[in-house]
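Welcome! Take a moment to look over the sequence and the structure below, and then let us walk through them together.

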Amino acid sequence: MAQQRDLTITGVRLTPVLISDPPLLNTQGVHQPYTPRLIVEVTTAAGVSGVGETYGDTRYLELAKPLADALQGCRVDDLNNLPILAALVCAVPEETSDAVDAGGLRGVQTADKLLLSVVSAFEVACLDALGKTLGLPVHALLGGKVRDTVDYSAYLFYRWAEHPGGQGEKDDWGDALDPAGVVAQARRLVREHGFTSFKLKGGVFAPEQEIAAVRALAAAFPEQPLRLDPNGAWSVETSLHVARELGDILEYLEDPAAGTALMAEVSAGTDVPLATNMCVTTFPEIAEAFAKDAVQIVLSDHHYWGGLRNTRELAAICRTFGVGLSMHSNTHLGISLAAMTHVAATVPGLHHACDSHYPWQAEDVITRRHEFRGGRLNVSDAPGLGVELDRAALDALHRRWLEDDGTFHERDDAAAMRKAEPGWVTRRW
Ligand SMILES: O=C([O-])C(=O)C[C@H](O)[C@@H](O)C(=O)[O-]
Ligand SMILES: [Mg+2]
């Protein structure tokens with residue numbers, strides 16, 4: 001019995017992969033045909049393995065390697081020591097700055113945040129292995145679920161039918177570049193997944209065009225929650241204009257302007273709730289943003305907040321200050337969606353449907369894809385995360401990463417956009 005329960009880590013495997021991604025548009029540019037992710041596997045002395053997933057760009061891989069080595073001999077339940085160990089063994093690159101990470105559209109890029117983004121995948125992998133060892137689902141390790149299903153929203157994107165030069169995998173979505181295209185995309189996402197709320201990724205076209213698209217959505221889906229997220233592409237004046245135009249139909253406006261100071265100005269001028277995954281993305285940013293009432297909803301993301309347990313700490317802080325919580329998403333696979341669903345299931349007072357890019361990801365590394373029903377996912381009660389690694393799929397996506405000449409090893413939406421528009425610069429209104 002003792003041997004079967006041996007929680008000592010005897011193996012850590014890091015597998016960078018490239019997954020296909022459609023030509024989704026945002027204020028930074030366009031998604032590349034392939035985007036990098038890193039899959040982390042830990043194995044215990046008892047032969048139990050657990051999986052986690054995070055960003056796969058080189059700067060994350062370089063931090064993950066020493067942490068993987070240092071974890072040998074540690075235990076999968078020694079989770080509070082994980083960030084301490086990471087800080088000890090990982091050399092964060094010197095050029096890391098506090099400047100806003102325009103490429104990832106997810107706020108500042110501090111050394112801590114970079115490290116936490118790596119730690120999160122190891123934490124999830126350890127929780128998965130621990131849960132499998134104990135016969136408990138991850139949500140039970142976090143204190144237990146308070147709901148059996150988690151709501152997700154339809155994540156709508158302006159998009160092209162194909163990547164520039166016809167690169168990458170093809171899909172049958174066609175383009176969505178105007179209100180009719182956005183509504184058609186929303187209808188298909190509803191048909192296929194049953195979503196009952198909608199988020200449009202904005203900052204792509206002039207605000208009047210995006211206002212028209214949101215109005216078209218409101219007409220097509222009356223009474224259903226709608227959000228618009230231009231990733232900080234607007235001035236305070238433009239943000240207040242859009243808030244006035246759409247105030248009666250928006251559930252919230254997400255990051256209309258960039259940074260806490262501008263968000264606070266917008267917030268002071270409108271009753272429309274403001275959400276963010278850009279100006280509150282680390283613990284040190286919370287105090288100023290909450291004191292200035294710059295945001296009313298924080299969109300957590302276990303990747304850069306440092307894992308599922310840190311997400312719960314963030315949730316407690318938000319509750320204390322009467323700030324709402326929901327969940328942000330970047331391009332991700334089914335391992336992360338399982339992790340997101342487990343932690344979302346444990347957080348009391350989750351009043352908004354979570355974001356997920358998952359419907360846009362045709363490829364995965366798990367044997368059974370998650371299926372949204374009525375826009376929801378069931379919370380798994382199987383031991384661990386409740387997902388099984390599809391080794392053949394993982395190998396194939398890893399091979400793609402190995403065979404790539406480096407072009408897609410870093411996500412760079414602006415570079416991808418310059419293939420179509422050589423003079424491209426990020427637009428601001
Ligand atoms: O809610 C958000 O801001 C995001 O999901 C940021 C992402 O980078 C998204 O805009 C994307 O992948 O295009
Ligand atoms: Mg956002």
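How many bridges pair strand 1 with strand 4 (residues 34–44)? The two strands are joined over 11 bridges, in the antiparallel sense. Please keep in mind as you read on that this is a predicted model.

## The three-stranded sheet

Strands 1 and 4 belong to an open sheet of three strands, ordered 1-4-5, with antiparallel pairing. Strand 1 (9–20) and strand 5 (49–55) stand at its edges with a single partner strand each, so one side of each has no neighbour in the sheet. From one strand to the next, the twist averages 20°.

If you would like one pair of residues to look for here, try Arg13: its bridge partner in strand 4 is Glu41.

## The seven-stranded sheet

There is also an open sheet of seven strands, and its pairing is parallel, in the order 7-8-9-10-11-12-13. The edge places go to strand 7 (154–157) and strand 13 (324–327); each has a single partner strand, so one side of each is left without a neighbour in the sheet. Here the twist averages 25° from one strand to the next.

Let us start at strand 7, which runs parallel to strand 8 and is joined to it by four bridges. In this pair, Phe157 stands opposite Lys201 of strand 8. Are the two faces of strand 8 (residues 198–201) covered or open? Both are covered: Phe198 and Leu200 are buried on one side, and Lys199 and Lys201 are buried on the other.

Further along the sheet, strand 11 (residues 274–276) and strand 12 (residues 297–300) pair in the parallel sense over two bridges. Thr276 has Val298 in strand 12 as its bridge partner.

## The nonpolar core

In soluble globular proteins, nonpolar side chains tend to be buried together. In this model, the largest nonpolar core holds 123 residues, and Val295 and Ile335 have the most contacts inside it. Helix 3 (residues 111–134) is the element that gives the most to this core, with 13 residues.

Where does the core sit with respect to the domains? Domain 1 (9–139 + 390–404) and domain 2 (143–378) both give residues to it, so the core lies between them.

## Around the ligand

Next, find ligand 1. It has 14 residues around it, and those that come nearest are Asn26, Leu105, Asn277, His328 and Asn330. Sorted by class, the shell around ligand 1 contains two nonpolar, eight polar and four charged residues.

The two domains meet again in this shell, as domain 1 (9–139 + 390–404) and domain 2 (143–378) each supply at least three of its residues.

## Two exposed arginines

To finish, here are two residues to pick out. Arg399 has its place in helix 13 (residues 391–403). Is Arg399 buried or exposed? It is exposed, because it has 12 other C-beta atoms within 10 Å. Although 381 residues separate Arg399 from Leu18 in sequence, their C-alpha atoms are 8.5 Å apart in space.

Arg373 is found in the loop between helix 12 (334–346) and strand 14 (376–378). Arg373 is also exposed, since 10 other C-beta atoms lie within 10 Å of its own. Between Arg373 and Ser356 there is a separation of 17 residues in sequence and 14 Å in space, C-alpha to C-alpha.

Key
Residues are numbered from 1 along each chain as its sequence is written. Chains are lettered from A and ligands numbered from 1 in the order in which they are written. This is a predicted model: local features need pLDDT of at least 70, side-chain atom pairs count only at pLDDT 80 or more; totals for chains, interfaces and linings use all residues. Two strands pair if DSSP finds at least two bridges between them. Axes are lines fitted to C-alpha atoms, for helices over the stretch in contact, and angles run from 0 to 180 degrees between N-to-C directions. A residue is near a molecule or strand if its C-beta atom, placed from the backbone, lies within 6 Å of it. Ala, Val, Leu, Ile, Met, Phe, Trp, Tyr, Cys and Pro count as nonpolar, Asp, Glu, Lys and Arg as charged, and the others, Gly among them, as polar. Domain bounds come from an automatic or database domain assignment. A nonpolar core is a set of buried Ala, Val, Leu, Ile, Met, Phe, Trp, Tyr and Cys residues joined through C-beta atoms within 7 Å. A residue is buried if 20 or more other C-beta atoms lie within 10 Å of its own, exposed if 12 or fewer, and partly exposed in between; C-beta atoms are placed from the backbone.
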